[in-house]
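Morning, everyone. Please pull up the sequence and the model, and we will walk through them together.

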Amino acid sequence: MAIYKFRITFEDFDDVVREIDIKSNQTFEDLHKAIHRSTGYNAEKPSSFYVSTDNWLKGDEIAYLPNERKKDRVVLMENSKLSGFIEDPHQKFYYIYNFDRPYDFHVELVKIILDADPNIEYPFLAKSVGEAPKIMEQNSPQAVDPRGAAATAGEFDFLNEMNFVPEDTDELEAMGDMGINEEEREEDEESEDDEFGDEFSDDDQFGDDSHKDDY
């Protein structure tokens, strides 16, 4: 019985690595659950493997707990043996865990061992490097974003809600320095000049009239 050694990495966390040895006649469901025994995540979430190219382009989908819309269009993990989808000695699978709050993984076949070790129960976690990032649960009082940013569940994110983008800061600063506020100041200055200008203009005219009276 051949043994497949898969290297599993998070797409956004290259320093978190798992290597799992699994029998060729075991299923994608077995691999799915083995991955999450190693991450500590709840395996009972809708997830999918995709047969992938070397550039991680997704092909045929192998699903776990698919929704009704997808049920008739995918094969199921529990019915799919790993050996039926290995076409390359370095076969790759793109793997999405938990479509509600997804994490993306790269799964690559790195070695084929011809004989199983009778002293090992497969799937077997052969290597574990790095701590899996915490899941951001919707009802958790303190959640951690998959990209590592802390966030309080249910908190109003003003910038995101307003569709704010970082580039807007330059525009806002420009508005403060040379834009709306500057225009308002210029209008105020012009109005003051006009006021004093009118006053001096009246005085000049008055002076001319009084000069005429002397003749």
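Where is Thr27 found? Thr27 sits in a loop, the one between strand S2 (17–23) and helix H1 (28–39). Keep in mind that this is a predicted model.

Let's stay with that residue. Is Thr27 buried or exposed? Its relative accessible area is 14%. The cut-off for buried is under 20%, so Thr27 counts as buried. Now look at what surrounds it. Leave aside its neighbours within four places in sequence. Thr27 is then in contact with Ile22, Met77, Glu78, Ser80, Lys81 and Leu82.

Now step back to the whole chain. How many helices and strands does the protein chain have? There are four helices and 10 strands. The order from the N terminus is β-β-α-β-β-β-β-β-β-β-β-α-α-α. The protein chain has 215 residues, and 33% of them count as buried. Its accessible surface comes to about 14,400 Å². Carbon and sulfur atoms hold 47% of that surface. One more number for the chain. Take the contacts with a separation of 6 or more: 58% of them join residues 24 or more positions apart.

Next, strand pairing. Find strand S1, residues 3–10, and strand S7, residues 103–113. The two run antiparallel, and eight bridges join them. Which residue in S7 is the bridge partner of Ile3? That is Ile113.

S7 also pairs with strand S6, residues 92–97. This pairing is antiparallel too, over six bridges. Within it, Phe93 stands opposite Val107 in S7. S6 and S7 form a hairpin, with five residues between them. Look in the turn for Asn98, which has a positive phi of about 60 degrees.

Last stop: Ile8. You will find Ile8 in strand S1. How accessible is Ile8? Its relative accessibility is 2%, so Ile8 counts as buried. Which residues does Ile8 touch, not counting those up to four places away in sequence? Three of them are Phe105, His106 and Val107. The others are Val16, Val17, Arg18, Ile20 and Ile35. We met Val107 a moment ago, opposite Phe93.

One distance to finish. Ile8 and Tyr94 are 86 residues apart in sequence. In space, their C-alpha atoms are 9.8 Å apart.

That's the tour. Over to you.

Note on methods: Residues numbered from 1 in each chain as written. Predicted model: local features only at pLDDT ≥ 70, side-chain atom pairs only at ≥ 80, totals over all residues. Heavy atoms only, no water. Pairing = 2+ DSSP bridges. Buried < 20%, exposed > 50% of the residue type's maximum accessible area, 1.4 Å probe, protein only. Contact = heavy atoms within 4.5 Å. Areas by Shrake-Rupley, 256 points an atom, 1.4 Å probe, with all protein chains shown as cover.
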